[in-house]
Amino acid sequence: MITLPLWILIGLQMAMGAFDILFHHELTERLAWRKSQRHELQLHGVRNLFYAVIFAGLGFVQVYGVLALAVIAVLVAEVGITLKDFVEEDRSRKLPASERVTHTLLALNYGAILALLLPVLVGWVGQPVGIATVNHGWWSVLCAVGGAGCLLFGVRDLAAAARLGRMGERAAAGLIDPAAGPRTVLVTGGTGFIGGRLVAALVGAGDRVIVLTRDAKGAMETLPAPVRLVTGLDQIGNDERIHAIVNLAGQPVAGFLWTAQYRRKVYRSRIRLTRQVIGLIERLETKPDVLVSGSAIGVYGVSPTGAQRENSAIVEDGSFAQRLCLAWEREARRAEGLARVRTVKLRIGLVLGTDGGPLSQMLVPFEFGLGGQFGNGTHTMSWISRDDLVRLIGFAMANDRVRGPLNGTAPFPTDNRSFTQALGNALGRPAVLPAPRWALEALGGDLAREILLADQEVLPRAAIAAGFVFIDPELQPALDRLVGRPGGRQRPLLPHRVPPKTV
């Protein structure tokens, strides 16, 4: 007989498990889109299927004889899978504190469940083989819900693990032309979504890389060797020979509410760090050949008229994103005036990748069929794959003809409705649940207006004119590759340079 204390423990296990799956695995860690967690997802999938069997069995049937023995075997096997999962998690990723606490509570609670449930099952083992249906009222309903949820996420995790094997992550070593090196390159923001991939590509090309980071320990765990880490630019001597500087550091713009305090933090982080970079350039005895400094297509305003190219006149509209980009570029431009360093102001569009950027925030709702266009879906989105952006940075570093503004966008922008339909196609899901403009603005305020709903058609005129070749020029093939669509084909790496074109 299952007692009330045992039911309460089972209910707690369901609640804590649901929290762990939804908050940690889906929302914060996003395990289903991390190639490094493929084995962990397989363990999660099998364990969730075990839980589905356990919950369904406890809620609706009582089994006797050898069948009860089989249930005991499932419970013990779950312990083995959990222990193996602990080892895999410790090996492959750094768990946040809340997830470690949750896992500890789940393990303790499961031990308490076993202590109360095993004596009941042992008693059933001694009876003749048979199955009896039971009804525990609301506890049976709870078991049905819990079992269905475990079944859903069990199948989903196993499918996600299979998908990770199809996802088209190119080798970082091939993204940057090794013929340009070896060089010494300083990267600020080298642990971020773009910077981390850039550092891996530079190391793969044989360059000596210096990374400015506030978290040297974390950077050491995530960045490829060999990389030199510094926590302040004062750790770089005046006699250091640095061939190129890529300045990407700054507080993330998207993903947070734009309160007045957060805007100041975003603004100051970029301006102060860029001033520090200029200060470093001033005191270096041998000046760098090039400074590639980050900016964004927000420099053109929220809804500029017509297609924007690098030589387009900028009409100020008072938006925060534009003011930030203009100030950021103004600081970077000082390198040309003070030290005559070739300076590239990289105006970055929406960068597509599954482990960061706007696409990563859209994957979970779209995967569960809850995605759709933003507002009326007519606003233009100027995007670029992360691999193409990294290649463009390498191209700008090596090509003396590239200087001044450089649009970091793919050659074929698209409207939001087409973008969301393409993402739905890549995931094999409908994209028919729109997010109303009023709701986005109510939740995100200026962040929604200037990022999610911005109407910006930006073309990479300077990159194409200089001879840069995009490997992800079209949206649907790029999304198919990124999300591992069955049958999606990975486009091979193309030559790094071709004769310049007139655009």
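These are my notebook entries on a predicted model of one protein.

**Entry 1: the whole chain**

I began with the overall make-up of the protein. I counted 16 helices and 13 strands in its secondary structure. I then looked up the box that the C-alpha atoms fill, and along the principal axes it comes to roughly 90 × 50 × 45 Å. The protein has 503 residues, and 52% of them are buried. I also looked up how far apart in sequence the contacting residues are. Among contacts between residues at least 6 apart in sequence, 82% join residues at least 24 apart.

**Entry 2: Y64**

Next I went to Y64, which I found in strand 1, residues 61-64. Is Y64 buried or exposed? Its relative accessibility is 15%, and buried means under 20%, so I put Y64 down as buried.

I then listed what Y64 touches, leaving aside its neighbours within four places in sequence. The list holds W124, Q127, P128, V129, G130 and A132. I also checked the side chain of Y64 for polar contacts, and noted one with the side chain of Q62 at 2.8 Å. For a long distance, I took Y64 and R323, which are 259 residues apart along the chain. Their C-alpha atoms are separated by 72 Å.

**Entry 3: S140**

I looked up S140 and found it in helix 5, which covers residues 138-164. S140 has a relative accessible area of 2%, under the 20% cut-off, so it counts as buried. Apart from neighbours within four places in sequence, S140 is in contact with G59, F60 and N135.

**Entry 4: helix 12 and helix 16**

I turned to a pair of helices. Two packed helices are described by the angle between their axes and the distance between the axes. Here the pair is helix 12, residues 416-427, and helix 16, residues 475-483. How do their axes cross, and within what distance do they come? The axes come within 9 Å and cross at roughly 40°. Because of that angle, I noted helix 12 as oblique to helix 16. The crossing of the two helices is right-handed.

I wrote down which residues make the contact. From helix 12 they are F419, A422, L423, N425, A426 and L427. From helix 16 they are L475, Q476, L479, D480 and V483. Sorted by class, the contact of helix 12 with helix 16 has 8 nonpolar, 2 polar and 1 charged residues.

**Entry 5: backbone angles**

Last, I looked at the backbone. Most residues other than glycine have a negative phi, and most peptide bonds are trans. I noted three places to set against that.

The peptide bond that joins A225 and P226 is cis, with omega about 0°. P226 sits in the loop between helix 7 (216-222) and strand 5 (227-230).

R30 is not a glycine, yet its phi is positive, at about 50°. I found R30 in the loop between helix 1 (4-28) and helix 2 (38-60). With a relative accessible area of 10%, R30 is buried.

R340 also is a residue other than glycine with a positive phi, near 55°. Where does R340 lie? Its place is in the loop between helix 9 (320-339) and strand 8 (342-348). The relative accessible area of R340 is 78%, and exposed means over 50%, so I entered R340 as exposed. Of these two arginines, then, I have R30 down as buried and R340 as exposed.

Technical notes:
Residues numbered from 1 in each chain as written. Predicted model: local features only at pLDDT ≥ 70, side-chain atom pairs only at ≥ 80, totals over all residues. Heavy atoms only, no water. Helix = DSSP H or I, 4+ residues; strand = E, 2+ residues; numbered from the N terminus. Buried < 20%, exposed > 50% of the residue type's maximum accessible area, 1.4 Å probe, protein only. Contact = heavy atoms within 4.5 Å. Polar contact = N/O pair within 3.5 Å; in protein donor to acceptor, adjacent residues only side chain to side chain. Axes fitted to C-alpha atoms, helices over the stretch in contact; angles between N-to-C directions. Parallel < 35°, antiparallel > 145°, perpendicular 65-115°, else oblique. Left-handed = near helix turned anticlockwise from the far one by under 90°. Nonpolar A, V, L, I, M, F, W, Y, C, P; charged D, E, K, R; others polar.
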